[in-house]
Amino acid sequence: LTPDTTLVIRTLDLMQGEGEAIATTALELPNGKIHAAVRKLSASSKYEIKTPVSTCGVRGTDVSCSSRGDFVVENGSGYTLYTPPGETQANQFQVPGGYTFDPSLNNYKGGVYETMPSVRLELERAISELLEFVSSDERGQVWAPRPAWMTPGRQGVPPASDDPAFNLP
């Protein structure tokens, strides 16, 4: 998360399907910018980031997404569903690795272009910082970063050591 970012976790679910794990992640980004390292997902899995102007989907890659609708895919692939101002129908844009979706292109109809080297460098730095929180043994097995504990309704206050939420699986 960059400074002054608000991120809402709408869905964070992991189920066992027929022979595969099915992960469903739905995030809302009302303001700010996030960088994410998303492992390759099964075909049934879904990872989406909803911004005020678009919905960005990830298939397993390093990405950056801003609330204004910019969506950078480092490698792997992603997509953006974007509804231009004054229109009611969303347009889908495929965003391959090394490309960026920008809603302001083509007179605010949106478009995809090759990511500039400076943006790629920013994303690479942010992702390497994210991966510092997860050991190399866990990188293919968990989403990064993950909290060491959680206490519903008490933001920023760690639970007592005897609280079952203290030691998450």
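This text walks through a sheet, a helix residue and a surface patch in a predicted model.

The sheet comes first. It is open and built from five strands, which follow one another in the order E3-E6-E7-E10-E11 with antiparallel pairing. Strand E3, covering 33–37, and strand E11, covering 111–114, are the edge strands, and each of these pairs on one side only. From one strand to the next, the twist averages 15°.

Within this sheet, E6 and E7 can be followed at the level of residues. Strand E6 spans residues 62–66 and strand E7 spans residues 71–73; the two run antiparallel and are joined by three bridges. Across this pairing, serine 64 stands opposite valine 72 in E7.

The next stop is helix H2, which takes in residues 117–131 and contains serine 128. The relative accessible area of serine 128 is 39%. Because partly exposed refers to values between the buried limit of under 20% and the exposed limit of over 50%, serine 128 is classed as partly exposed. Serine 128 can also be placed relative to alanine 37: the two residues are 91 apart in sequence, while their C-alpha atoms are 9.0 Å apart in space. The number 37 also closes the range of edge strand E3 (33–37).

The last feature is on the surface. Leu1, Leu7, Ile9 and Leu12 make a nonpolar patch of about 400 Å². One of these residues, leucine 7, lies in strand E1, which runs over residues 6–16. Leucine 7 has a relative accessibility of 31% and therefore counts as partly exposed. Patch residues must have over 30% relative accessible area, and leucine 7 is at 31%.

Definitions and conventions: Residues are numbered from 1 along each chain as its sequence is written. This is a predicted model: local features need pLDDT of at least 70, side-chain atom pairs count only at pLDDT 80 or more; totals for chains, interfaces and linings use all residues. Side-chain values use heavy atoms; hydrogens and water are left out. Two strands pair if DSSP finds at least two bridges between them. Helices (H or I, at least four residues) and strands (E, at least two) are DSSP runs, numbered from the N terminus. Axes are lines fitted to C-alpha atoms, for helices over the stretch in contact, and angles run from 0 to 180 degrees between N-to-C directions. Buried means under 20% relative accessible area, exposed over 50%, partly exposed in between (1.4 Å probe, protein chains only). Patches are made of residues with over 30% relative accessible area and no salt bridge: like charges are joined within 9 Å, nonpolar side chains (Val, Leu, Ile, Met, Phe, Trp, Tyr) within 5 Å. Accessible areas come from the Shrake-Rupley method with a 1.4 Å probe; for residues, only the protein chains shown count as cover. A salt bridge is a side-chain nitrogen of Lys or Arg within 4 Å of a carboxyl oxygen of Asp or Glu.
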